[in-house]
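Q: I would like a close look at one pairing between strands, followed outward to other parts of the model. Please take it slowly and define the terms as they come up.
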Amino acid sequence: MGQDKFKRYTITAALPYANGPKHIGHLAGAYIPADLYVRYLRLKNRDVVFVCGSDEHGTAIANQAMKEQTTPRAIIDKYHELNKQSFEKLGISFDIYHRTSEPIHHETAQDFFKNLNEKGIFKVETSEQYYDEEAKQFLADRYITGTCPSCGNDGAYGDQCEKCGTSLSPEDLINPKSTLTGNKPVRKETKHWYLPLDKYEGWLKEWILEGHKHDWRTNVYGQCKSWIDGGLHPRAVTRDLDWGIKVPAEGADGKVLYVWFDAPIGYISATRQWALDHNKDWELYWKDKETKLVHFIGKDNIVFHCIVFPVMLHTQGEFILPENVPANEFMNLEGDKMSTSRGWSIEMHEYLEDFPDKIDELRYYLTAIAPETSDSEFTWKDYQARVNNELVAILGNFVNRVMILMHKYFDGVVVGSGKIGLSDKAIYDAIGNCYDEVEQAFEMYKFRQAQTAAMEIARLGNRYLTEHEPWKAYKENPEAAREVLHNCLHIIAHAATCLQAFLPNTAEKIFTMLNLKNKFSFDEEIVFEGGHQLNTAALLFEKIEDEVIERQIQKLIDKKASLEQVKEETSVVAPAKENISFELFSGLDIRTGTILEAEKVVKTKKLLKLKIDTGIDVRTVVSGIAEFYEPEKIIGQQVSILVNLEPREIKGILSQGMILMAENSSGKLSFVAPTESDINNGSVIR
């Protein structure tokens, strides 16, 4: 369907957890792309509401409160404000940045639940779950730790082992314990409400796999297809937890709405609040088929925004569905995955502290390397190169040269009478082509391409200025020099117009220098009248020197090292486990072996598939050591292997044993292996 069919647009950006500061990877993944698209829609004079806000429920908040020894309310208040201010300073132009702790959201989420519950959409089931008798509380997955059955990590959580990356359920853990008291949990019956996603597989196949085969990004479509083809399962919409939205149903005492259920409803409640504040009808933006709904997210949120939330909207019956979900992949940092917990990140507020006057520079760079269909990488040296070689040398240089020449030769006055138009038809046509490419790229959510096309106008201007050399022409033909510079003023104005979404502060500076109003829509005529006075020239960007970049790289290294040192200093040696009988220990058959082959397990970051000569046989073992060892470098490595562990399928591979690893307090793994060279494979470890 063509774009003109939509009367209005509802644009959402993923609600960030208010459990800590957000880094520039989050900015690149969802918030910059959403802001670019919204700014473009506004430049096209379209009716748009741009909503976001803090996700303030769930175990992530409760965990952070425990970590900081405070309350969940104190955590959300602290980080909501920090992130809200960072977004504002970085030019993310939300119409509302709301909170899921607000009463209007609780009301909206509860009404949504009641609507589906009254229709009989949910399945209510009773099951046994882990319960901490001392804390008198059912335990969420993240409140349970134990030994990972795949890699032996003693600190695995009830939903995932963060050492080997294996997805788990609490029942999978060996020797589970409560993080609240350290006690062993018991099994206790509890009742929960489930959204039966499996019932809507047929509808999802028709809506996504057939209906959006050609307009959704391949990475988004592919992940959706994988989920649907793999078979969907009912998903609990309630959980036993204190912090959250109370479940409005009989027999639901002590239960709250699962955060994945209440968070996307936050888009609706935010729109309701915005509508109240601006005397609008919120329902038009969520229930009218002439409204286009677009979600901007990172790839880790695809399943919720493309499958789960649409099923919720579909079963409710009155709401529109997302037309597109242009999810981005991840942006890495200096050769490694960005992670606040490991100290390998650039937080938004940290960038603002170090570069308060370089907002557009960051927006430009993050757009230039946007991970639209594959992971990308931020490096400080590339950031420096893009700023210096593109913003300074191309855009800034062109604008500065023209403004200086206009003031030097014509006292900054547009000489002539009436309208002074763009007289060079080839330039006029070339600019028109750039506009077309910018708009086409925006409509297809190709923001890198759109920015490149907008910058092409500045490149065009540089070439035009260099070819016509008005500084030479002025000596013999001032009129020709004047015409060239007037044409350059038009080029500058059009470059600023096309770059408004990407570089809003810079565009406004340019319009100020040109002494024009501070914003132009795409279909608006740009006019210079004879006698128009330009304002004083000013540099748009400054070159970033090597020492600035070196300080940032060192700061990153120091932050990571400092965090690791704190972990080392505050780490406590794990206490000894409960005594076991000699007979139980004697049942463990641990042998020496040698790694013959090693390769990474596809679609995982932490698992290696090993072929090991145990002296008894040659067998396959899957081990979560890929973060610490390259496959080719461990061939020939002697290991200790538990050979009589019951085989287990991991990622479709039958693992026949477990190699023993020593783990230090910072989480680094090392092989437990004999130091003597005459220990043969199959030797028994006693």
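Which residue in β8 stands opposite T145?

A: The residue opposite T145 is K177, which belongs to β8. This is a predicted model in which local features need pLDDT of at least 70, side-chain atom pairs count only at pLDDT 80 or more, and totals for chains, interfaces and linings use all residues. Residues are numbered from 1 along each chain as its sequence is written, and side-chain values use heavy atoms, with hydrogens and water left out.

The strand facing β8 is β6 (residues 144-147), and the two run antiparallel, joined by 3 bridges; strands count as paired if DSSP finds at least two bridges between them. They belong to an open sheet of 3 strands, ordered β7-β6-β8, with antiparallel pairing. At its edges lie β7 (156-157) and β8 (174-178), each of which pairs on one side only. Strands here are DSSP runs of E with at least two residues, helices are runs of H or I with at least four, and both are numbered from the N terminus.

Antiparallel pairing also appears at β21 (residues 638-642), which is joined by 5 bridges to β18 (residues 590-600), with T592 having S640 in β21 as its bridge partner. β21 also pairs in the antiparallel sense with β24 (residues 658-659), over 2 bridges, and here I641 has I659 in β24 as its bridge partner. Because 5 of the 5 residues of β21 are buried, this strand is largely enclosed by the rest of the structure; buried means under 20% relative accessible area, exposed means over 50%, and partly exposed lies in between, using a 1.4 Å probe and protein chains only. Both faces of β21 are covered, with Q638, S640 and L642 buried on one side and V639 and I641 buried on the other.

Side chains give a further kind of contact. D35 and R39 meet in a salt bridge, with 2.8 Å from N to O, where the term requires a side-chain nitrogen of Lys or Arg within 4 Å of a carboxyl oxygen of Asp or Glu. These two residues are 4 apart in helix α1 (residues 24-43), so about one helical turn separates them. D35 counts as buried at 0% relative accessibility, and R39 counts as buried at 19%. In R342 and D336, whose side chains form a salt bridge at 3.3 Å from N to O, R342 is partly exposed at 29% and D336 is partly exposed at 27%.
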